[in-house]
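Let's work through a protein model one question at a time. Keep the 3D view open as you read.

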Amino acid sequence: MRPARRGSRKWDVDGHEYVDYFGGHGALLLGHAHPAVVEAVQAQVTQGTHWGSSHAAEVRWAELVQRLIPCAERVRFTASGTEASHLALRLARAFTGKSKVVRFVGHFHGWHDQVASGSLSHFDGSVPAGIPSAVVDQTILLPADLAVAAETLKARDDIAAVILEASGASWAWCRCPQGSWPACAP
């Protein structure tokens, strides 16, 4: 039986082969089931399978991150990008004492309430169901336009952070006058 995924390829239940352009949201630079990655994972799992708190390998990893990014005085690992962006926004607000966050239409930063509006729906900045409007009000949602962003930063003094999706993994698809790719599909 053929594996469901190998390298840059994947197969559906009927055996049709596809190129996996998603690539694990950027995490699979070497492809699915790359032998060196499989070997490293198998070796590591023998050291333990669930570390609920900091451990020696995490400290070594953090030290490597600090060597690559010398200004990273502290390194915190999270279980997801959602947790990472949530923590980053909380830290920015705590450090600056300011409440607003500049975001860009269509940029994805996870599933928490602070970043839901304007990401995968509600491109006009309106309030998605289940999210308090007071949370959405803390976001300044802008088009992906440097001039608009620069003007906004000059005009306001209540901005704690600017967050953007540099890769374009999500936001590149919502570039049409109607506001989202599905609306522009032929």
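Q: In what order do the three strands of the open sheet lie?
A: This is a predicted model. Its three strands pair in the parallel sense. The sheet they form is open, and the order is E5-E4-E6.

Q: Which are the edge strands?
A: An edge strand here pairs on one side only. That holds for residues 139–142 and for residues 159–162. The edge strands are E5 and E6.

Q: By how many degrees are neighbouring strands of this sheet turned against each other on average?
A: Strands of a sheet pair through backbone hydrogen bonds. In this sheet, neighbouring strands are turned against each other, with direction ignored. The average is 25 degrees.

Q: Which residue in E5 stands opposite valine 102?
A: Strand E4 covers residues 100–104. E4 pairs with E5 over four bridges, in the parallel sense. Opposite valine 102, in E5, stands isoleucine 140.

Q: Which strands does helix H3 touch as it packs on the sheet?
A: H3 runs over residues 81–96. Its direction makes about 145 degrees with that of E6. The strands H3 touches are E4 and E6.

Q: At what angle to E5 does helix H5 run?
A: H5 is made of residues 146–155. This helix lies across E4, E5 and E6. To E5, its angle is about 150 degrees.

Q: What should the 16 residues of H3 span?
A: Count 1.5 Å a residue. The end C-alpha atoms of H3 are 22 Å apart, which agrees with the expected span. That span is 22 Å.

Q: Within what arc do the buried residues of H3 fall, seen down its axis?
A: The buried residues are Ser85, Leu89, Ala92 and Arg93. What covers them includes E4 and E6. They line one face of the helix, because they fall within an arc of 95 degrees.

Q: Which residues are exposed on the other side of H3?
A: Exposed means over 50% relative accessible area. On the side of H3 away from the buried residues, four names fit. They are Arg90, Leu91, Ala94 and Phe95.

Q: Is serine 85 buried or exposed?
A: Serine 85 is found in H3. Beyond four places away in sequence, this residue touches His109, His112 and Ile163. The cut-off for buried is under 20%. Serine 85 has 8% relative accessibility, so it counts as buried.

Q: Which residue follows H3, with a positive phi?
A: The phi in question is near 75 degrees. The residue is glycine 97.

Key. Residues are numbered from 1 along each chain as its sequence is written. This is a predicted model: local features need pLDDT of at least 70, side-chain atom pairs count only at pLDDT 80 or more; totals for chains, interfaces and linings use all residues. Side-chain values use heavy atoms; hydrogens and water are left out. Two strands pair if DSSP finds at least two bridges between them. Helices (H or I, at least four residues) and strands (E, at least two) are DSSP runs, numbered from the N terminus. Axes are lines fitted to C-alpha atoms, for helices over the stretch in contact, and angles run from 0 to 180 degrees between N-to-C directions. Contact means heavy atoms within 4.5 Å. The expected span of a helix is 1.5 Å times one less than its number of residues. Buried means under 20% relative accessible area, exposed over 50%, partly exposed in between (1.4 Å probe, protein chains only). The arc is that of the directions from the helix axis to the C-beta atoms.
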